[in-house]
Amino acid sequence: MITLNEVWKALHDVKDPEIPILSLVDLGVITEVKVENDCVFVSITPTFIGCPAIEVMRSEVQRRIEKMKPNSVEVTVNLNKSWDSNKITDTGRIALLKFGLAPPPRYENEFDLDILEHAACPYCNSNDTTLQTPFGPTLCRSIHYCNTCMQAFEQFKPI
């Protein structure tokens, strides 16, 4: 029999296709896991509804769980409740920094646009930064400039 803990452990092996050092679990994209009668059900929620990597993520989750030889695997994309950047784990935030992306700050209650404009630089940790454009190479990233170390950098958008 496959246990819920074994499934969660296996899901840590599935990496984000755009940030390959970050697991989907640590990104907070895996939003529900159930095991019933050796059948595994996984729900994933993309960072953005139009995320171009969602099908790749769904397939990789499916493939990884199938290696465990369950009776069946069902991976669904859940759009009923939006993903938010507070779902990124502490391990995920460290992985983002190692990848060269500023992790989004945590926030409580309502999202304030000020946290998008003032990202901490992942190179020197300075807060003397400027938002260059909210449109990065993917929908989940923005581009900033650090006035201290004079480096451009991307931030994983807080949402």
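This is a walk through one predicted model of a protein chain, from its overall layout down to a few individual residues.

Let us begin with the whole chain. It has five helices and seven strands. Reading from the N terminus, these elements follow the order α-α-β-β-α-β-α-β-α-β-β-β. If you measure out the C-alpha trace along its principal axes, the spans come to about 55 × 30 × 25 Å. Of the 159 residues in the protein chain, 42% are buried. The surface that the protein chain exposes amounts to about 8,700 Å², and carbon and sulfur atoms supply 51% of that area. Contacts across the sequence are worth a look too: among those with a separation of 6 or more, 53% join residues 24 or more positions apart.

A good place to zoom in is helix α3, which covers residues 54–66. Its 13 residues should span 18 Å at 1.5 Å a residue, and because the end C-alpha atoms are indeed 18 Å apart, expectation and model agree. Which residues of α3 are buried? They are Ile54, Met57, Val61, Gln62 and Ile65. Looking down the axis of α3, you will find these buried residues within an arc of 135°, so they line one face of the helix. The cover over them includes two helices, α1 (4–11) and α2 (24–27), along with the strands β1 (30–36), β2 (39–44) and β3 (72–77).

Helix α3 also carries charged residues that pair up. The structure has six salt bridges in total, and three of them are easy to visit from here. In one, the side chains of Asp13 and Arg64 come together with 3.0 Å from N to O. Asp13 sits in the loop between α1 and α2, while Arg64 belongs to helix α3, so this pair ties together parts that are 51 residues apart in sequence. Asp13 has a relative accessibility of 46%, which means that it counts as partly exposed.

The other two stay inside the helix. Arg58 and Glu55 form a salt bridge at 2.9 Å, N to O. These two residues are three residues apart in helix α3, so about one helical turn separates them. Arg58 is partly exposed at 22% relative accessibility; exposure below 20% would have made it buried. Its partner Glu55 is partly exposed as well, at 44%. Glu60 and Arg63 make a further salt bridge, here at 2.7 Å from N to O. Again the spacing is three residues in helix α3, so Glu60 and Arg63 are also about one helical turn apart. Glu60 has a relative accessible area of 33% and Arg63 one of 44%, so each counts as partly exposed.

Now turn to the aromatic rings. How many aromatic pairs does the structure hold? There is one, and its members are Trp83 and Phe156. A pair of this kind is described by the distance of the centres and the angle of the planes. Here the ring centres are 5.9 Å apart and the planes stand at 75°, so the pair is edge-to-face; the cut-off for that label is an angle over 60 degrees. Trp83 lies in the loop between β3 and α4 (90–99), and Phe156 lies in strand β7 (residues 152–156), so the pair ties together parts that are 73 residues apart in sequence. Both Trp83 and Phe156 are buried.

Thr47 leads back to these two rings. This residue is in the loop between β2 and α3, and with a relative accessible area of 9% Thr47 is buried. Beyond its neighbours within four places in sequence, Thr47 is in contact with both Trp83 and Phe156, and also with Leu27, Val29, Cys140 and Ile159.

Finally, two loop residues deserve a glance at their backbone. Asn37 has a phi near 50°, a positive value in a residue other than glycine. Asn37 is found in the loop between β1 and β2, and its 65% relative accessibility makes it exposed. Met150, likewise not a glycine, has a positive phi of about 60°. Met150 is in the loop between β6 (141–146) and β7, and at 59% relative accessibility Met150 is exposed too.

Note on methods. Residues numbered from 1 in each chain as written. Predicted model: local features only at pLDDT ≥ 70, side-chain atom pairs only at ≥ 80, totals over all residues. Heavy atoms only, no water. Helix = DSSP H or I, 4+ residues; strand = E, 2+ residues; numbered from the N terminus. Expected span 1.5 Å × (residues − 1). Buried < 20%, exposed > 50% of the residue type's maximum accessible area, 1.4 Å probe, protein only. Arc of directions from axis to C-beta. Contact = heavy atoms within 4.5 Å. Phe/Tyr/Trp six-rings, centres within 6.5 Å; stacked < 30°, edge-to-face > 60°. Salt bridge = Lys/Arg side-chain N within 4 Å of Asp/Glu carboxyl O. Areas by Shrake-Rupley, 256 points an atom, 1.4 Å probe, with all protein chains shown as cover.
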